[in-house]
Amino acid sequence: MSQSWSHKAEDDVKWNRVSSAGNYIYGTDGGIYALDVTTGKLLWKRDDLKKVADSSVEEVPGTPVIFVAQTEGAIMTKAKLSAINQQSGETVWSSEQLRGSVVDLIPDYQHNAMIMVINGMLENKFGIYLESFELPTGKLRWEVPLGDKADLYTAENSGRFMPKMDLSGHATPIIDGHHLYLPYAGLHKFDLETGKLVWKQKFDVTEKAYKKTNASPMVVGNLVYTSAKGKILAFDKSSGKPKWSSQDYGAAIPEMIHAEGVIYGRMGGTFASSGAKGFELKKPLGVVALDAGSGQMKWRFDDAKEGITNFHYDKSSNLILLADSKKLFGLSLNGSGNDVKAAFQVPLEFKFKQSKGKAIAKGMGKFAMGGLAAVAKKDKSLDDPPISMIGRPDGTVVVRGSNHLLKFDPRTRKTIYANEFRAPGASNWQKFNTIAAFAMTYATSTARAASSYAGTYENTWANHDRQNSIQSLFTNMQKRYKASMAGDDFAYILSDIENEDGKGPGILGVNLDSGEIEKDALIKDREPLFAVDEVTGMLIRTHKGKSEITGHKL
């Protein structure tokens, strides 16, 4: 692994990330800094932003800024939110002191605004409220209380001793036209132009110990659908009047789609634990199909075993694809009752791959997903059920576990490749892989969605002379999005590897089209702090116990 550049931080690095604009941003107790990912050149530093936690820095796809929240005084009493130019590091605008802590950020692309969800004081009442700001200027458009209590979760990358709480465990809010649907404490509908509450339905939505167990609301015709605690519910879009509620299908309905008058909900899955920050499989596992108008069950598939991916609707074949720990299923949409037939079932069998001609796992043979448990039955952290399914531009799908990749063509019903990569022995590496597997689906959809909004933002921001200094960033971001769409052809997997640099934990770049390892890098650190820029193929490492940062071309 060749080193491209080296940078000496002024203090120990506490967190790092690669931004959508292609900058490597890191934080220390002394400030926030940005480097060029390919050269390591210091782009900017903000030593006035001291001791800012990772969880207090947010980026919204499609916007040319990052948002930095600073809490002052006692916990959740006052906070300041600044919009920082990703290219120059300059403050575009700062909010007045918020009366609480920011617990969610929602981009309102249509109105070129940012909605901040705040846990704090409004009108002498403590609770969650919303503020809508103009993105270019920071001007307050409206503010309104949610009016109902919502469960808070430990934020991602939150500190251990003073954890930050937010709404990350809830389903993602959606915007339909000029209206916002919030799934935090039931379902609340707000007018985005005025902030007025249109209607609300209050009900318990969370399994408090687990995150993202519900699907985002979905608007189809005159109805809006949501899920909560194993049920799917439908409401009249205009009045909010309940139309129907399904039976209880278990621990979670984290995903829904609509096709040809039917609502399909995924039952169960692997969920992050709010407390222990681990992952746990919740059952039952399968898919339920309901008539969209009446809620009557058409069929139910619950034969998935010890794991389940998100499902993928293949319109050309009129099938729903999903995988469990042993098989990939193609479910016919024309089933009925509890005896839905699978159009096909493909066994999942994997071969260990090699890195540059050298075996990364010798004498291990073949295992299905979850087969690592056969090697280490006492260590459940080594189980590797499938986690995500990603649709590819050529009509194929890629199924991913923490250390597995499989590519399948639903038209020919043939597996193109099925590869396994040996997991590093340290459990924290396995956690990184699990997070990366979840992130693949999110990153693919988010990058494409953000790209479609960038032009709208560019036009609107250009009308504000005070922000003209950031217009050059849009050119870079457009190039970045195009490169991202062309460069999302790799999965980066942590593994035990052996190459010319030695043997130990490292990272593999696997081509999603061929399944072949085309990039690798030996890291060795048992508690690594690193980031991968998938667009440029750069690995940026922070060396343990040091303030040295190095960039490597994979």
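**Salt bridges and nonpolar cores in a predicted model**

The structure, a predicted model, holds 17 salt bridges.

Me: How many residues apart in sequence are the parts that Arg 99 and Glu 143 tie together?
Reply: Arg 99 forms a salt bridge with Glu 143, with the closest N and O atoms 3.1 Å apart. Arg 99 lies in the loop between β9 and β10, and Glu 143 lies in strand β13, so the parts they tie together are separated in sequence by 44 residues.

Me: Is Asp 148 buried or exposed?
Reply: The side chains of Asp 148 and Lys 202 meet in a salt bridge of 3.6 Å, N to O. Buried means under 20% relative accessible area. Asp 148 has a relative accessible area of 9%, so Asp 148 is buried.

Me: Which residues are joined with Arg 392 into one network by salt bridges that share partners?
Reply: The side chains of Arg 392 and Asp 489 meet in a salt bridge of 2.7 Å, N to O. Asp 489 lies in the loop between α2 and β39 and Arg 392 in the loop between β35 and β36, so this pair ties together parts 97 residues apart in sequence. Salt bridges that share partners join Arg 392 into one network with Asp 394, Lys 407, Asp 489 and Asp 513.

Me: Which strand supplies the largest share of the largest nonpolar core?
Reply: This core has 20 residues, and among those touching the most other members are Phe 67, Trp 93 and Met 116. Strands β7, β8, β9, β10, β11 and β12 each supply at least two of its residues. The largest share, 4 residues, comes from β11.

Key. Residues numbered from 1 in each chain as written. Predicted model: local features only at pLDDT ≥ 70, side-chain atom pairs only at ≥ 80, totals over all residues. Heavy atoms only, no water. Core = buried A, V, L, I, M, F, W, Y, C linked by side-chain atoms within 4.5 Å. Buried < 20%, exposed > 50% of the residue type's maximum accessible area, 1.4 Å probe, protein only. Salt bridge = Lys/Arg side-chain N within 4 Å of Asp/Glu carboxyl O.
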